[in-house]
Amino acid sequence: MNVLILRVAKAKCKWADAATTDYLKRMGRHLPVKEHLIRPAKAHLSVSERRAFETDALLACLKSGDRLVVMDERGDTPTTEELQKWVESSINEGCKRLVFAIGGPFGHAQHLHSHAWKSLALSKMVLNHELARVVLSEQLYRVYTLMFGGDYHH
């Protein structure tokens, strides 16, 4: 199974790029994770138009058989071990790709949730999308070490 992090962002953010790249390259071939950048909607659009535009762009990246996890502060707040079970169940049930969608500054349009397998909150607080990306990458690496061995978790 592959993992894809879809994220709405302007482009490079050096500190987040460095941290995310570090965690993702540690995982190697057992749990390959890739990222895909979606450019934010134009600022002249209303907030609801921006959310809709960005959500449609996220949905356009999905393939048949993908499992979508929407990143949302109102989502489930699993422990690392529970997140591991999400990943393991996806592998065991033959999922080809587990997709995590990180929204832009205004979040996701509501219709994205109807396509989601799960909704994940990294915190009940709103996080900057670059910070959410780093935390998600770190947690995926932690899940990887629980599944495939390593002393990172504890």
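This report describes the fold, the nonpolar cores and the salt bridges of a predicted model.

**Overall fold**

The protein chain has four helices and five strands. Their order along the sequence is β-α-β-α-β-α-β-β-α. The radius of gyration of the protein chain is 15 Å, close to the 15 Å that the globule rule gives for 154 residues, so the chain is as compact as a globular protein of that length. Along its principal axes, the C-alpha trace spans about 50 × 35 × 25 Å. Of the 154 residues, 45% are buried. Among contacts with a separation of 6 or more, 85% are between residues 24 or more positions apart.

At the N-terminal end, β1 pairs with strand β2 (residues 33-38) in the parallel sense, over six bridges. Within this pairing, L4 stands opposite K34 in β2. The connection from β1 to β2 runs through α1, and this β-α-β crossover is right-handed.

**Nonpolar cores**

The largest nonpolar core has 21 residues, and the members that touch the most others are V3, M27, F100, L120, L136 and L140. Two or more residues come from each of β1 (2-8), α1 (14-27), β3 (66-76), α3 (80-92), β4 (97-102) and α4 (129-148). Helix α4 gives the most to this core, with five residues.

Which residues does L140 touch, leaving aside those up to four places away in sequence? The partners of L140 are V3, I5, M27, L31 and F100.

A second core, separate from the one above, has 10 residues, including L4, I38, V99 and A101. Side chains in a regular strand alternate between the two faces of the sheet.

**Salt bridges**

Side chains of opposite charge can pair when their charged atoms come close. In this model the count comes to 11 salt bridges. Three of them are listed here with their N to O distances.

| Salt bridge | Distance |
|---|---|
| R133 and D17 | 2.9 Å |
| D22 and R26 | 2.7 Å |
| R97 and D66 | 2.7 Å |

The side chains of R133 and D17 meet in a salt bridge at 2.9 Å. R133 lies in helix α4 and D17 in helix α1, so this pair ties together parts that are 116 residues apart in sequence. R133 and D17 are both buried.

The bridge between D22 and R26, at 2.7 Å, is formed within a helix: both residues lie in α1, four residues apart, about one turn of the helix. Are D22 and R26 buried or partly exposed? D22 counts as partly exposed because its relative accessibility is 29%, and R26 is partly exposed at a relative accessible area of 36%. The cut-off for buried is under 20%.

R97 and D66 also meet through their side chains, at 2.7 Å. R97 is in strand β4 and D66 in strand β3, so the pair ties together parts that are 31 residues apart in sequence. R97 is buried, with a relative accessible area of 15%, and D66 is buried at 18%.

Salt bridges that share partners join R7, D17, E35, E130 and R133 into one network. The pair R133 and D17, described above as a bridge between α4 and α1, belongs to this network.

Terms used: Residues numbered from 1 in each chain as written. Predicted model: local features only at pLDDT ≥ 70, side-chain atom pairs only at ≥ 80, totals over all residues. Heavy atoms only, no water. Core = buried A, V, L, I, M, F, W, Y, C linked by side-chain atoms within 4.5 Å. Buried < 20%, exposed > 50% of the residue type's maximum accessible area, 1.4 Å probe, protein only. Contact = heavy atoms within 4.5 Å. Pairing = 2+ DSSP bridges. Right-handed = clockwise from strand over helix to strand, strands pointing away. Salt bridge = Lys/Arg side-chain N within 4 Å of Asp/Glu carboxyl O. Rg over C-alpha atoms; globule rule 2.2 N^0.38 Å.
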